[in-house]
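Student: I am new to this structure and would be grateful for a close look at a single part of it. Could the aromatic residues and their surroundings be described in a connected way?

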Amino acid sequence: MQPFDYILLKLPYSKPFLFVDTLQVVTENGVEGQYTFPADSSFYAGHFNKMPVTPGVILTEVMAQIGVVCLGIFLLNDSPTDELEVALTATQIDFYKPVFPGETVTVRSSKDFFRFHKLKCKVEMLNGKDELVCRGTIAGIMKSKSHA
């Protein structure tokens, strides 16, 4: 078992809507993780016909899952059996480069604040060439059902 596998096991997502492959760094101040977009993902079928690219809403979801939800699980530090409640409350993302089928991206997130169950983070996504794909802020509500 890898050091951060317990976080991955607590994620409230499953394939095909799970967008976290690995976590390299998780601290109280931030997280870094990766995801590889399978070339056969259903959203590529019609987004765009001759040259498919990953939709911005999916890129935002990848950053939310790695940059906010994974970090929130770490910060909550609950027991392995606690169920998680997650709600996205705000996003502001700027996009710079496309992501194509089969690409691996790295998400880096730094905590802006975490109080009253609200976690706000600065997030950025880099492609395999370390080029900035997108960046911005994402906020969400993170709490355990047992502490609701």
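**The aromatic residues and their surroundings**

Tutor: Before turning to the rings, a brief point of orientation on strand β3 may be useful; the model is a predicted one. A90 touches T137, I138 and A139, when residues up to four places away in sequence are not counted. A90 itself belongs to strand β3, which covers residues 84-95. With a relative accessibility of 37%, A90 counts as partly exposed, because buried means under 20% and exposed over 50%.

The aromatic residues come next. Across the whole structure, a search finds 4 aromatic pairs. In one of them, the ring centres of F17 and F19 are 5.0 Å apart and the planes stand at 65 degrees, so this pair is edge-to-face. The two partners can be set side by side in terms of accessibility: F17, at 39%, counts as partly exposed, whereas F19, at 2%, counts as buried.

F19 also pairs with Y35. Here the ring centres lie 5.4 Å apart and the planes are at 90 degrees, so the pair is edge-to-face. F19 is located in the loop between α1 (5-10) and β1 (22-27), while Y35 is in strand β2 (residues 30-36); the pair therefore ties together parts that are 16 residues apart in sequence. Y35 has a relative accessibility of 3% and so counts as buried.

These residues belong to a broader arrangement, for ring pairs link F17, F19, Y35 and F37 into a cluster. F37 leads from this cluster to the nonpolar core. The largest nonpolar core has 38 residues, and F37 is among those that touch the most other members, together with L23, V62, M63 and M125. At least two residues of this core are supplied by each of β1, β2, α2 (56-76), β3, β4 (104-115), β5 (118-126) and β6 (132-144). The element that gives the most is α2, with 12 residues.

The surroundings of F37 may also be listed. Apart from its neighbours within four places in sequence, F37 is in contact with F43, Y44, T54, I58, L59, V62, V99, P101, G102, E103 and V105. V62 thus appears both among these contacts and among the core residues that touch the most other members.

A further aromatic residue, F113, has a charged partner. The charged end of R115 sits over the ring of F113, at 4.3 Å from the centre of that ring.

Definitions and conventions. Residues are numbered from 1 along each chain as its sequence is written. This is a predicted model: local features need pLDDT of at least 70, side-chain atom pairs count only at pLDDT 80 or more; totals for chains, interfaces and linings use all residues. Side-chain values use heavy atoms; hydrogens and water are left out. Helices (H or I, at least four residues) and strands (E, at least two) are DSSP runs, numbered from the N terminus. Buried means under 20% relative accessible area, exposed over 50%, partly exposed in between (1.4 Å probe, protein chains only). Contact means heavy atoms within 4.5 Å. Rings of Phe, Tyr and Trp (its six-membered ring) pair if their centres lie within 6.5 Å; planes under 30 degrees apart count as stacked, over 60 as edge-to-face and the rest as tilted. A charge sits over a ring if NZ of Lys or CZ of Arg is within 6 Å of the ring centre and within 35 degrees of the ring normal. A nonpolar core is a set of buried Ala, Val, Leu, Ile, Met, Phe, Trp, Tyr and Cys residues joined through side-chain atoms within 4.5 Å.
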